[in-house]
Amino acid sequence: MTSEEKKERPISMINEASNYNMTSDYAVHPMSPVGRTSRASKKVHNFGKRSNSIKRNPNAPVVRRGWLYKQDSTGMKLWKKRWFVLSDLCLFYYRDEKEEGILGSILLPSFQIAMLTSEDHINRKYAFKAAHPNMRTYYFCTDTGKEMELWMKAMLDAALVQTEPVKR
């Protein structure tokens with residue numbers, strides 16, 4: 001691409017392309033024809049994972065912190081014990097309570113925090129979920145019913161936060 005063509009290309013088009021990881025059908029299905037790709041359906045959203053995590057404000061008050069089990073995002077459906085911190089309407093998670101090296105973050109507004117249904121196909125006693133219409137559903141589990149109740153209330157309060165309309 002010449003420098004003249006780059007100038008004419010809208011910046012939003014360049015930025016939008018960098019927001020997605022594209023994969024080809026060939027990489028996913030080796031038996032597919034080499035030249036065939038499916039761009040639209042192969043977008044991989046990495047929001048909230050390590051490098052894409054929201055930076056935690058160390059001065060923001062912590063609403064709740066403690067251990068939760070989170071179902072892994074891989075197809076294995078493994079449950080991983082993680083240290084969670086709810087602060088500034090965001091749920092941050094770490095490997096342990098040292099809170100070093102963030103593993104991920106979930107910006108809770110617009111998520112629905114709810115009990116599981118039979119359609120979730122999860123047989124954990126104190127499990128609940130954070131569902132969003134345009135993103136993945138996160139599944140969590142605690143060791144006691146009281147912990148589950150406290151976490152759900154705190155997460156629900158963060159998810160339902162309302163901002164004042166802008167006065168013009």
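**Strand pairing, salt bridges and surface of the predicted model**

Strand S2 (residues 79-87) is mostly covered, with 7 of its 9 residues buried. The model is a predicted one. S2 pairs with strands on two sides of the sequence order. With S1, the pairing is antiparallel and runs over 9 bridges. With S3, the pairing is again antiparallel and runs over 5 bridges. Individual partners can be named in each case. Trp83 in S2 stands opposite Trp67. Leu86 has Leu91 in S3 as its bridge partner. In a regular strand, side chains alternate between the two faces of the sheet.

S2 and S3 form a hairpin. Two strands are joined here with 2 residues between them. Asp88 lies in the turn and has a positive phi of about 60°. The turn region is also touched from an earlier part of the chain. Ala60, in the loop between helix H3 (25-28) and S1, touches Ser87 and Asp88. That count leaves out residues up to four places away in sequence. Ala60 and Leu89 are 29 residues apart in sequence, and their C-alpha atoms are 9.9 Å apart in space. Ala60 is classed as buried because its relative accessible area is 13%, under the 20% cut-off.

The overall fold can be read from the order of elements. The protein chain holds 4 helices and 7 strands. Along the sequence, the pattern is α-α-α-β-β-β-β-β-β-β-α. Three helices thus precede the strands, and one helix follows them. Of the 168 residues in the protein chain, 29% are buried. Contacts were also sorted by sequence separation. Among contacts with a separation of 6 or more, 42% join residues 24 or more positions apart. The protein chain exposes about 11900 Å². Carbon and sulfur atoms supply 53% of that area.

Salt bridges were searched across the whole structure, and 6 were found. One of them joins Glu99 to Arg65, with the closest N and O atoms 3.0 Å apart. This pair links distant parts of the chain. Glu99 sits in the loop between strand S3 (90-94) and S4, whereas Arg65 belongs to strand S1 (residues 62-71). The two residues are 34 residues apart. Arg65 counts as partly exposed because its relative accessibility is 40%, a value between the 20% and 50% limits. The pair is also part of a wider arrangement. Arg56, Arg65 and Glu99 are linked in a network of salt bridges.

A second salt bridge joins Asp72 and Lys80, whose closest N and O atoms are 3.8 Å apart. The pair also lies within the cut-off of 4 Å. The partners fall into separate accessibility classes. Asp72 is buried, since its relative accessible area is 17%. Lys80 is partly exposed, since its relative accessibility is 32%.

Another salt bridge lies within a single helix. The side chains of Lys153 and Asp157 meet at 3.0 Å, N to O. Both residues lie in helix H4 (residues 145-159). Their spacing is 4 residues, about one turn of the helix. Lys153 is exposed, because its relative accessible area of 52% is over 50%. Asp157 has a relative accessibility of 46% and therefore counts as partly exposed.

The cysteines give a simple result. The search of the whole structure finds 0 disulfides. Cys90 is buried, given its relative accessibility of 2%. Cys141 is buried as well, given its relative accessible area of 5%.

A nonpolar patch was identified on the surface. Leu89, Leu107 and Val161 form this patch. Together these residues have about 200 Å² of accessible area. Leu107 is placed in strand S4 (residues 104-107). With 36% relative accessibility, Leu107 counts as partly exposed. This value is over the 30% that patch residues require, so Leu107 meets that condition. Leu89 recurs here from the description of Ala60, from which it is separated by 9.9 Å, C-alpha to C-alpha.

Methods
Residues are numbered from 1 along each chain as its sequence is written. This is a predicted model: local features need pLDDT of at least 70, side-chain atom pairs count only at pLDDT 80 or more; totals for chains, interfaces and linings use all residues. Side-chain values use heavy atoms; hydrogens and water are left out. Patches are made of residues with over 30% relative accessible area and no salt bridge: like charges are joined within 9 Å, nonpolar side chains (Val, Leu, Ile, Met, Phe, Trp, Tyr) within 5 Å. Accessible areas come from the Shrake-Rupley method with a 1.4 Å probe; for residues, only the protein chains shown count as cover. Buried means under 20% relative accessible area, exposed over 50%, partly exposed in between (1.4 Å probe, protein chains only). Contact means heavy atoms within 4.5 Å. A disulfide is a pair of cysteine sulfur atoms within 2.5 Å. Two strands pair if DSSP finds at least two bridges between them.
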